[in-house]
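Visitor: I have not looked at this structure before. Could you show me how to read it, one feature at a time?

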Amino acid sequence: AVEHHNQLTPTNLPQQLNLEMAAQLTSKHISTACTAAARGSKPVAPVKLPASVLAPAAPVVRASSKPTDAASTRRGQRLTRTMAAAAEVVTSEAATAGLQTPHGGKLVNLQAPQSEWPALIQGCTKTIEASHRNACDVELLSVGGFSPLTGFLNEDDYYSVVETMRMKSGLLLGIPVVFDTDREDVVVGDKILITYQGQNIGVLTVESKWCPDKVKEASKVYGVTTLEHPAVQMISMERGKYYLGGKLQGLELPKRVFPCASPAEVRATLPKETDVLAFQCRNPIHKAHYELFIRALDAPNVREGSVCLVHPTVGPTQDDDIPGAIRYKTYEVLKQEVNNPRLRWAYLPYSMHMAGPREAIQHMIIRKNYGCTHFIIGRDMAGSKSCLTGEDFYGAYDAQNMASTHAAELGMQTVPSLNIAYTQEKGYVTADIAEKENLTKLNLSGTKFRTMLRSGEDIPDWFAFKSVIDVLRDQVKAEEGAK
């Protein structure tokens, strides 16, 4: 991120770059609304908002914290009735019976029957190639991961989510789901054929087109306007000038080297009438991570016989993260190595925003749609650091607090991750026990681990799984061979 930042920034700019300045530097990619906001004699200091102001309190009565509460289901259905009434939504009763109620009360499926694809494609007026992030959103919309959404947000819902973390209907949504473009010729009423790497993945009927206020979006959704935040860089430098909203009809699912099961497919693997915990990650799983979600199965608010869905995101993340295809390989070998019947494994084609508290809500909504009743949430979940100073943008517990605040309304429960330490005397224990008993803790930093990985040094068994190390070492060799 630092390298990318330096390529785009004159050397005489101060470190605290912000979107107002980006509007002058990258006018091709910033909306005219952002440019207008930038017109001042001095740059505006980046805004950092506390998590408490990112999401106002719910204007609706909270449902019970139990995920199968009928009252919770009825409230969710009322919230989305007006939005769903005009949409063609295909639902599967079998995908929801005895399992967690989807967000808004319905699990949608926007994929058009294959027999209708030629006519839908023929009726399109323009074609737009999707970015990697767009393709992830199209897929999640198509299969119901973003239920009850039936397309990309229109302008009024977009600004509502930006300002209040809610759609106009009152339904929670952590981060606006939008489709961006620089195309000047797209107009309301167009039917856009969305393509991706040689595939036709969807048809978008354009119902609204606007120049978003990206300064406001950055400030409200990410809590900062500085370009040191990866998502602020993304919306200002990668996304196009315009956002398009409207109904989506799914065609082919993007072809990937790894399968991404749909919510209905995942639900088919889950036991009925029991708790399902979701574990979100974007990095290879090492032994401390494994301890976290295994111990979560025994949390006080989790019933006996529960299972954990290990559900890593394999879409775009941060520039310095391990590529999704490699992460997938590490998960597959680990699944075989541990062979744990209380675990379910699936992969999520989601594009990370590193939005901290807001992203925690987005992940909970998505996992609710995949059938989960509980969400394991760690310290500084989906957090990020300044690419210049290394300073954290969010507090260590901001995401946990945000998730707890809205858990009952979402019909989910949170399971905060334990602080785990490896000790010479007792192996993995919680940090408080290690402290209380004055145990000898062993540590291995990420930097040291990567150095050992490249040098071929033996990596301690307590730190990582052998199968995962083997995959990562093969990747290191492949990278070195390509140089």
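Guide: What follows goes from the whole chain to a pair of helices and then to single residues.

Visitor: What kind of model is this, and what does the chain average in pLDDT?

Guide: This is a predicted model, so confidence comes before any detail. The chain averages a pLDDT of 83, and 79% of the residues score at least 70.

Visitor: Over which residues does pLDDT stay under 50?

Guide: Where pLDDT is low, the predicted coordinates should not be read in detail. Here that applies to residues 1-90, where pLDDT stays under 50. The model still has 168 contacts beyond four places in sequence for residues 1-90.

Visitor: How many helices and strands does the chain have?

Guide: There are 18 helices and 14 strands. Of the 483 residues in the chain, 56% are buried. Among contacts with a separation of 6 or more, 75% join residues 24 or more positions apart.

Visitor: At what angle do helices H14 and H15 pack?

Guide: To read a helix pair, take the angle and the distance between the axes. Helix H14 (residues 357-369) packs on helix H15 (residues 398-410) at about 40°, and their axes are 8 Å apart. An angle of about 40° makes H14 oblique to H15, because it is not under 35 degrees, the cut-off for roughly parallel, and falls short of the 65 to 115 range for roughly perpendicular. The crossing is right-handed.

Visitor: Which residues make the contact of H14 with H15?

Guide: From H14 they include Ala-360, Ile-361 and Met-364, and from H15 they include Met-402, Ala-403 and His-406. By class, this contact has ten nonpolar, one polar and two charged residues.

Visitor: Where is a peptide bond cis?

Guide: For this, look at omega. The bond from Ser-147 to Pro-148 is cis, with omega near 10°. Pro-148 sits in the loop between helix H7 (132-143) and strand S2 (151-152).

Visitor: Is Met-165, with its positive phi, buried or exposed?

Guide: Read the backbone angle and the accessibility separately. Met-165 is a residue other than glycine with phi near 65°, in the loop between helix H8 (155-164) and strand S3 (179-181). Its relative accessible area is 0%, so Met-165 is buried.

Visitor: And is Asn-438 buried or exposed?

Guide: Asn-438 also has a positive phi, near 55°. Asn-438 lies in the loop between helix H16 (431-436) and strand S14 (441-442). Its relative accessibility is 66%, so Asn-438 counts as exposed.

Methods:
Residues numbered from 1 in each chain as written. Predicted model: local features only at pLDDT ≥ 70, side-chain atom pairs only at ≥ 80, totals over all residues. Heavy atoms only, no water. Axes fitted to C-alpha atoms, helices over the stretch in contact; angles between N-to-C directions. Helix = DSSP H or I, 4+ residues; strand = E, 2+ residues; numbered from the N terminus. Parallel < 35°, antiparallel > 145°, perpendicular 65-115°, else oblique. Left-handed = near helix turned anticlockwise from the far one by under 90°. Contact = heavy atoms within 4.5 Å. Nonpolar A, V, L, I, M, F, W, Y, C, P; charged D, E, K, R; others polar. pLDDT = per-residue confidence, 0-100. Buried < 20%, exposed > 50% of the residue type's maximum accessible area, 1.4 Å probe, protein only.
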